[in-house]
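Please look through the structure shown below, with attention to how its strands pair and how two of its helices meet.

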Amino acid sequence: FNKMNNGEIGEGKMVLRAKIDMANPNMHFRDPIIYRVVDTPHHRTGTKWHAYPMYDFAHGQSDYFEGVTHSLCTLEFVVHRPLYDLFVDWLKEIRGEGDNMDDNRPRQTEFNKLNLNYILLSKRNLLVLVNEGLVSGWADPRMPTICGFRRRGYTPSGIHKFIDKIGYTTYDALNDFALMESAIREDLNATATRVAAVVNPVKLVITNYPEGQIEEMEAINNPEDETAGSHKIAFSRELWIEKEDFMEDAPKKYFRMTPGNEVRLKNAYIVKCTGCKKDENGEVVEVYAEYDPDTKSGLPGANRKVKGTIHWVSCAFCLKAEVRMYDRLWKVENPRDELARLQNEGKTSLEAMKEMMNPNSLEIRPVCYVEEYLADAKPLDHFQFQRIGYFTVDKDSTTNHLVFNRTVALKDTWAKTM
């Protein structure tokens, strides 16, 4: 040991083994390696030590010295536990505590690993993603890291809800990522402020609304929380609406904006579509409608039955924003097994990952519009973009360039799209 530790023995030239039992049915008892030589300087002690303990040898002793009472491991460490216990036995005997082997003894307990479909957890493989630039870093919102989840907008309470749903077992299960999304959605539904945001804009002109007139409409912050209050949103003649909320030739059960059809502008008026304007390529660039002054939200006329409701923001009183639409990083349900299969076919980890990646895992929409209420939004603030999904403010966001990350859609659409 001294020769290994003082640098006389080179790295990889010698190991120190614990003499136990080479015939033991548990292979971890067959004279396991407990020390090896490492010449790489330690980040704290530099080159003071060259002999370093193996995990199995250090784990139980470290727990004992530090007063750790319970150690939680994943299922692959079940077969390591007898060795963990043996090394603690040796230590207690050396310290003269052999007559009370159970006193102040750390215990190792194993649980199932939190495996999720559409998720790859191996640090070795995640490092490839980072080093090869397939993601923007460890904090990329598509990464299964704490900083990635945080930046995506996942909340601690939402993750706790997910864990409570799947339970704690010793069964090595593959959990459905949709259940994780459902728990996050449930948590944010109770806490996120509802706001108007248009992520695929087209202009709506209310032709009979007075030019220059501005009204302030009241918007409820969160219908799930009566104490959340409300805020004001400006209404004007020209609005931004979603392109998907207008169709010139709509099918029978299309209840949004189409010529001759009435829709409700949320928190505002009922309007009737009168037509549209197209550019030289046939793309709709403006939609036209007329409003009914007696149908303002809160007035008796607003009770008229209208099947469709759409959201909007005022062209004159809104903020431009970048919206990053994140989705699952992998397009295969079990990327771990698929990666192994592709590697067995002779592909490198990088080649296999490129083949498995979901090409739609990130869509950046640089020209979106949000209501002015979000001017002071700070990183990690959570919002529900009405009719779209839950979003959080990204760390790249500034007062002059707002950036929002989609945490999760309002509904699980993955199965339909795939």
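How are α2 and α3 oriented to each other? The model is predicted, so to speak, by computation, with local features needing pLDDT of at least 70, side-chain atom pairs counting only at pLDDT 80 or more, and totals for chains, interfaces and linings using all residues. Residues are numbered from 1 along each chain as its sequence is written, and side-chain values use heavy atoms, with hydrogens and water left out.Helix α2 (residues 55-65) and helix α3 (residues 81-94), where helices (H or I, at least four residues) and strands (E, at least two) are DSSP runs numbered from the N terminus, have axes that come within 8 Å and cross at roughly 55°. These axes are lines fitted to C-alpha atoms, for helices over the stretch in contact, with angles running from 0 to 180 degrees between N-to-C directions. Angles under 35 degrees count as roughly parallel, over 145 as roughly antiparallel, 65 to 115 as roughly perpendicular and the rest as oblique, and α2 and α3 are therefore oblique to each other. In the contact (heavy atoms within 4.5 Å), residues of α2 including Phe57, Tyr64 and Phe65 meet residues of α3, among them Leu83, Phe87 and Leu91. The residues of this contact divide into eight nonpolar, three polar and three charged, where Ala, Val, Leu, Ile, Met, Phe, Trp, Tyr, Cys and Pro count as nonpolar, Asp, Glu, Lys and Arg as charged, and the others, Gly among them, as polar.

Turning to the strands, two strands pair if DSSP finds at least two bridges between them. Strand β16 (residues 284-291) runs parallel to strand β10 (residues 201-206), to which four bridges join it, and valine 205 stands opposite tyrosine 288 in β16. Strand β15 (residues 270-278) pairs with β16 in the antiparallel sense over seven bridges, with lysine 277 opposite glutamate 286 in β16. Five residues lie between β15 and β16 in the hairpin that they form, and glycine 282 in its turn has a positive phi of about 85°.
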